Every structure is written in C-alpha cells, then in structure tokens.
Amino acid sequence: MKVLVPVKRVVDANVKVRVKPDGTGVDLGNVKMAVNPFCEIGIEEAVRLKEAGVAEEVIAVAVGESTAQEQLRTCLALGADRAILVEADAALEPLAVAKVLKAVYDSEQPGIVIFGKQSIDGDNGQTGQMFAALTGLAQGTFASNVSVNGDSAQVTREVDGGLQTVSLKMPVVVTTDLRLNEPRYASLPNIMKAKRKPLDVTSPEALGVDVTPRTEVLDVAPPPDRQAGIKVESVEDLVDKLKNEAKVIE
C-alpha cells in the first residue's frame with residue numbers, strides 16, 4: 001500500500017513575518033522557509049506506518065514554486081521514499097491545490113492520503129476536506145491516533161466535546177492534529193541519502209488541471225498593536241468597563 005502525503009512550503013514557525021510596504025502580501029525575501037509543521041506530522045505518521053509493515057511506500061507531494069524542492073528533500077530525509085513537485089508559480093487557492101492532488105491521487109492510487117490539518121500561513125484548514133469531497137473518499141479529520149486493520153482504518157479525532165473514534169473503509173483521507181505524533185529529526189546520513197532519492201517535477205497543465213485563481217487579495221496588513229492592560233479596584237469596576245468600554249457584555 002502507498003501512502004501519499006501532501007506537504008506545503010511555509011515561513012518557518014520561529015520567524016516573525018513582515019508585511020510588504022505596499023500591502024500586497026507577506027515579505028518572503030531572505031526568510032527561512034520550512035515544511036508546514038502539520039505536514040511534517042503527516043510525513044512522520046506515514047513513515048511509522050511503513051515501519052510497522054502497513055505501508056510499502058511513502059510519497060511526498062508539494063504544489064508550488066520550484067523552491068519547494070528543498071522541503072521535499074527534507075521529507076525524503078525524514079523517511080519518504082520519493083517525491084513529486086507540481087510546479088506552479090502563482091499562489092494557489094485550496095480548491096486548486098485539492099484538484100491538483102486529486103490528479104496525483106488518480107495516478108498513484110494510494111491507500112491513505114495524510115494531510116496536515118492546516119497550514120500555518122493561510123490557516124484555512126480546507127484542502128484535505130475538499131480533496132476528500134473531490135475523490136469521494138472517507139475522511140478522518142483532526143486525527144490524534146490512526147491505526148489500519150486490513151481494509152479499514154480507525155481514526156481518533158479531536159473534537160470540541162473530547163475524542164471521537166471513527167471506522168473508515170479504505171482508501172481514506174486523514175488530516176493530522178498536533179497530538180498524533182512527534183516528528184523525528186533528519187539524521188545527516190539520511191539527509192545525504194535524500195539527495196539520491198527520486199523527485200519528479202510536473203505541472204498543473206500536464207495533469208490537466210485549471211488552477212486559475214477565483215479570488216483576489218485586496219490588502220494585507222499586520223494586526224494592530226496590543227494595548228496595555230489596566231487594573232481595576234473591584235468586580236463592579238471590571239463589569240462596568242466590560243459593559244461600557246469594551247462593550248463585550250450587556
């Protein structure tokens with residue numbers, strides 16, 4: 001069984017992002033980039049499935065600019081067997097990415113597709129669910145535990161009320177939550193081996209997918225500076241300020 005893991009190139013989580021002066025987007029010049037943390041959890045889970053003998057091959061796939069090859073090589077160093085880059089210059093919307101990944105899925109026919117539940121840049125949390133809808137596959141979102149038994153998968157989900165366990169008929173789509181696992185570090189020997197693993201490059205056009213944007217970003221602005229807090233003398237003062245100044249209660 002193959003496991004397909006879509007990954008995204010994002011600004012490193014430890015970097016403070018800056019907005020471009022003209023407000024057209026985030027300044028990515030000389031900024032450290034990394035694999036989206038939730039996608040990294042997906043790679044780790046796929047590698048664990050292979051180590052357990054459940055899967056035979058782990059394939060990492062990215063949709064984006066040619067520079068995303070760097071992040072795919074990181075995934076190969078973490079244990080993926082091969083990688084696919086669908087090269088696209090424009091920033092793609094979640095639906096366009098889902099359509100591209102469906103084309104890759106149709107070609108590869110994996111048993112499990114493991115997404116990160118969201119990216120830390122767009123923060124949409126949509127692509128996995130859109131992909132499941134396009135392919136008609138069962139989905140287990142926000143997974144904190146995954147086990148595969150024959151032709152079914154048991155997925156424990158993080159929901160508002162606690163935990164929910166669902167049984168899904170294979171093939172399945174899973175989106176990872178933080179508590180699913182802790183990704184390993186890539187060792188130097190594995191980093192060197194990753195340079196020799198196959199990385200195929202294709203394009204949305206070659207896959208027959210239209211990725212024309214359907215929305216337009218009008219303006220990007222940093223959040224307002226947080227105001228200093230104040231101390232109140234009593235509960236009555238607190239209630240008064242919440243009601244009359246903050247206007248968060250009536």
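**Overall architecture, a buried strand and two surface patches**

The protein chain has 7 helices and 11 strands. The model is a predicted one. Its C-alpha trace extends over about 65 × 45 × 40 Å along the principal axes. Of the 250 residues in the protein chain, 40% are buried.

Strand β4 covers residues 57-64. Of its 8 residues, 7 are buried, so β4 is largely enclosed by the rest of the structure. Burial here refers to a relative accessible area under 20%. β4 pairs with strand β1, residues 2-7. The two run parallel and are joined by 6 bridges. In this pairing, Lys 2 stands opposite Glu 57 of β4. β4 also pairs with strand β5, residues 82-87. That pairing is likewise parallel, over 6 bridges. Here Ala 62 of β4 faces Leu 85 of β5 as its opposite residue. In a regular strand, side chains alternate between the two faces of the sheet.

A contact between distant parts of the sequence was examined at Ser 187. This residue sits in the loop between β10 (172-176) and α5 (188-194). Ser 187 is partly exposed, with a relative accessible area of 30%. This value falls between the 20% limit for buried and the 50% limit for exposed, so Ser 187 belongs to neither class. Ser 187 and Leu 78 are separated by 109 residues in sequence. Their C-alpha atoms are 8.1 Å apart in space.

Two surface patches involve the C-terminal part of the numbering. The negative patch is made up of Glu 233, Glu 236, Asp 237 and Asp 240. Glu 233 is placed in the loop between α6 (204-207) and α7 (235-244). Its relative accessible area is 76%. Glu 233 therefore counts as exposed, the limit being over 50%.

The other patch is nonpolar. Its members are Ile 230, Val 232, Val 235, Leu 238, Val 239, Leu 242, Val 248 and Ile 249. Together they present about 660 Å² of accessible area. Ile 249 lies in the segment after α7. With a relative accessibility of 36%, Ile 249 is partly exposed. This value is over the 30% required of patch residues, so Ile 249 meets that accessibility criterion.

Terms used. Residues are numbered from 1 along each chain as its sequence is written. This is a predicted model: local features need pLDDT of at least 70, side-chain atom pairs count only at pLDDT 80 or more; totals for chains, interfaces and linings use all residues. Side-chain values use heavy atoms; hydrogens and water are left out. Patches are made of residues with over 30% relative accessible area and no salt bridge: like charges are joined within 9 Å, nonpolar side chains (Val, Leu, Ile, Met, Phe, Trp, Tyr) within 5 Å. Accessible areas come from the Shrake-Rupley method with a 1.4 Å probe; for residues, only the protein chains shown count as cover. A salt bridge is a side-chain nitrogen of Lys or Arg within 4 Å of a carboxyl oxygen of Asp or Glu. Lys and Arg count as positive and Asp and Glu as negative; His and the chain ends are not counted. The place of a charge is taken as NZ of Lys, CZ of Arg, CG of Asp or CD of Glu. Helices (H or I, at least four residues) and strands (E, at least two) are DSSP runs, numbered from the N terminus. Buried means under 20% relative accessible area, exposed over 50%, partly exposed in between (1.4 Å probe, protein chains only). Two strands pair if DSSP finds at least two bridges between them.
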